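Colleague: I'm new to reading structures, so could you walk me through this one? I'll ask, and you explain each step.

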Amino acid sequence: MNIEKQLITGIQSAFQQQYQHQISEEDLSLQPTRKDFFGSHTFVTFPYARVTRQSPPQTAETIGNYLKEHISIVKDFNVVKGFLNIELADSVWVSALESILQQYQSEQPYGFQPDKGKKVMIEFSSPNTNKPLHLGHLRNNFLGDAMTKILHANGYAVHKVNIVNDRGIHICKSMLAYQKFGQGETPESAKIKGDHLVGKYYVEFDKHYKKQIQELQEAGQDEESAKKEAPLIKEAQEMLKQWEKGDSETVALWKKMNGWVYEGFDATYRKIGVSFDQFYYESDTYLLGKDIVEEGLEKKVFYRKEDNSVWIDLSDEKLDEKLVLRGDGTSVYMTQDLGTAELRYRDWPFNRLVYVVGNEQDYHFKVLFSILKRLGRPYADGLFHLSYGMVDLPSGKMKSREGTVVDADDLIDEVIHQARKKTESLGKIEELTSSQAEELFQMLGLGAIKYFLLKVDPKKRMMFNPEESVQLQGDTAPFIQYTHARVSAILQKAKRDGIIHKVFGSLQEIHPSEQEVIEILTAFPQKVQLAGMEYAPSVIAQYVFELAKAYNRFYTEVSIFAEKDAEKVSFRVALSSAVAQTISSGLGLLGIQAPTQM
RNA sequence: GCACUCGUAGUUCAACUGGAUAGAAUACCAGAUUUCGGCUCUGGGGGUUGAGGGUUCGAAUCCUUCCGAGUGCACCA
């Protein structure tokens, strides 16, 4: 029986015995004791003043005494105001460590849940094919990837999908500019990645387009009509029509340029260690959803206006009226998303579908989910929008057209470069081959950037400071990775010295810093669960950092190999082993690797 | 205008979902350590949680009014 359960049962019977009062298990909750107080578990007695007819401190005192007397694992307690802080016997922590190590031996790694038999589909990344990935995409990709791993750890079968926005006016802009100014350039001839090449022509288009607008304005047109009348935009719109008609030349160019982009994306995905189980393309899905509109009309969920357009009225949910099909019968974004949800459910019937999409689309998803619910879709309750905040730069907002974006490839190269520079100057890796060293730099650089973007609550808008993101100390991945490398070195030495870390069962007393590490270790499963429930990898990031810090404190306060008592040495090695595995496992949930040497 | 989100040390973020004296990191200052490790550890200053009002044993958290920032409200995707 786990510690918490024993305490709760103890408190229940305390209420029963001392106050003749039944309290159900759900109504009782323990919280971790704050650092500055003695104890590990805290019971708050304020809410029970009516029941006990005693002041909260008296109640705490009474229950504390009861627990100390009747529950063997309780060593002592203290009362501060109405807070009952419970201190557990050292042997409890020793056996807690033993059980953690045992679980690491088993098939179900410590902190991971057994298979729940439920399926989660998760959509993330979802790039446009007219420009390369940038910082905002990185937050999206890392969140999606980390959530995949966290949900898996929570016992779900996870299916990763990416919907590529490969059609539309924005791609036509790149295509048109390429046609006009490209002169047959290719990624090979220009020696740049395909996605960057296509992005270059997107910028090129915008440059010329702006110029035309200006010229028209100078000729006396107002801004709005200039934007509509500029020859370039008209050409791009014409091109989109050609594409939709299936014009072979246009389609061939589209295929060629998209091909370049995919090669570029592939390279970036490989580099950041992100992959997908299935790709959807909007060129395949953009016509979907019309049958659902028909169905909605029949069910009277939708209605038709005089101009033949189809709408849904969601004003009772404060969501207003929303168009779902144009008057000319062509689809809008919403139509397509309805169709895509349906298609996905047929492809891989899920219990939950998670959309990792920026919070500027909060409204869209509220409407989408509401519609599917009104249509009585069986999967409607399982839909979830993992809405994340924008990434700001110290210089302000990122705007792709103004060139103030941080390019993903550049950024990754930069952090890896920094990792190389700093690690080489430490001179600890001379025995590594150059490819091993290269692998290490990647682990560190990517770790730094992933951690930086994941440690903040996803829902919140965040500030990206390029300098801080490549820092190797403080609340960073390299700091945690460094701790892992150091623990690994200790374990290596222990192995060389033939220290078996399994004989410490009779240990009766441990150091406070050891207890603290074990306390943190025992919290891992709950953190994994919480991260899954809240869709928040940041929970794991904070946890792993706490663990690394606590271990470092232990490391300076307690000597491992200089210790005379063999049982203690064994215990400390065991503790180190559990820490190494938990750090590695926790970082793993964030898509970050833990090196054994650095 | 309407809707949604957010305002917490100088800065970047926490706060177990209503609990204790609001914590970390960073920068700065002062020390310690160097067990296989330099990126380790300890301490210090730094806060009227945007402002006011309310709810209660108890509020950064819930309600409300202001102030400020952002996003959305396309027959674009």
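Modeller: Sure. Helices and strands here are DSSP runs, with at least four residues for a helix and at least two for a strand, numbered from the N terminus. Keep in mind that this is a predicted model.

Colleague: How many helices and strands does chain A have?

Modeller: Using those runs, you get both kinds of element in chain A. The count comes to 23 helices and 14 strands.

Colleague: What share of chain A is buried?

Modeller: A residue counts as buried if 20 or more other C-beta atoms lie within 10 Å of its own. Chain A has 598 residues to test that way. The buried share is 40%.

Colleague: Which domains is chain A divided into, and how far apart are the C-alpha centres of domain 1 and domain 3?

Modeller: Domain 1 covers 3–88, domain 2 takes in 120–294 + 333–392, and domain 3 is 295–330. For scale, the C-alpha atoms of the chain fill a box of roughly 90 × 65 × 45 Å along the principal axes. Between the C-alpha centres of domain 1 and domain 3, the distance is 57 Å.

Colleague: How do the axes of α14 and α15 run, parallel or oblique?

Modeller: Helix α14 spans residues 333–347 and helix α15 spans 362–374; their axes come within 11 Å and cross at roughly 55°. Roughly parallel would need an angle under 35 degrees, and roughly perpendicular starts at 65. So α14 is, relative to α15, oblique.

Colleague: Which class do most of the residues in the contact of α14 with α15 belong to?

Modeller: On the α14 side you have Met334, Asp337, Leu338 and Ala341, and they meet Val367, Leu368, Ile371 and Leu372 in α15. Sorted by class, there are one charged residue, no polar ones and seven that are nonpolar.

Colleague: Is serine 125 buried or exposed?

Modeller: Serine 125 sits in the loop between β5 (118–123) and α5 (135–153). It has a positive phi of about 80° although it is not a glycine. Since 23 other C-beta atoms lie within 10 Å and the cut-off is 20 or more, serine 125 is buried.

Colleague: And lysine 300, buried or exposed?

Modeller: Lysine 300 is also not a glycine, yet its phi is positive, about 65°. You'll find lysine 300 in the loop between α13 (290–298) and β8 (303–304). Because it has 8 other C-beta atoms within 10 Å, and 12 or fewer is the cut-off, lysine 300 is exposed.

Methods
Residues are numbered from 1 along each chain as its sequence is written. Chains are lettered from A and ligands numbered from 1 in the order in which they are written. This is a predicted model: local features need pLDDT of at least 70, side-chain atom pairs count only at pLDDT 80 or more; totals for chains, interfaces and linings use all residues. Axes are lines fitted to C-alpha atoms, for helices over the stretch in contact, and angles run from 0 to 180 degrees between N-to-C directions. Angles under 35 degrees count as roughly parallel, over 145 as roughly antiparallel, 65 to 115 as roughly perpendicular and the rest as oblique. Two residues are in contact if their C-beta atoms, placed from the backbone, lie within 7 Å. Ala, Val, Leu, Ile, Met, Phe, Trp, Tyr, Cys and Pro count as nonpolar, Asp, Glu, Lys and Arg as charged, and the others, Gly among them, as polar. Domain bounds come from an automatic or database domain assignment.
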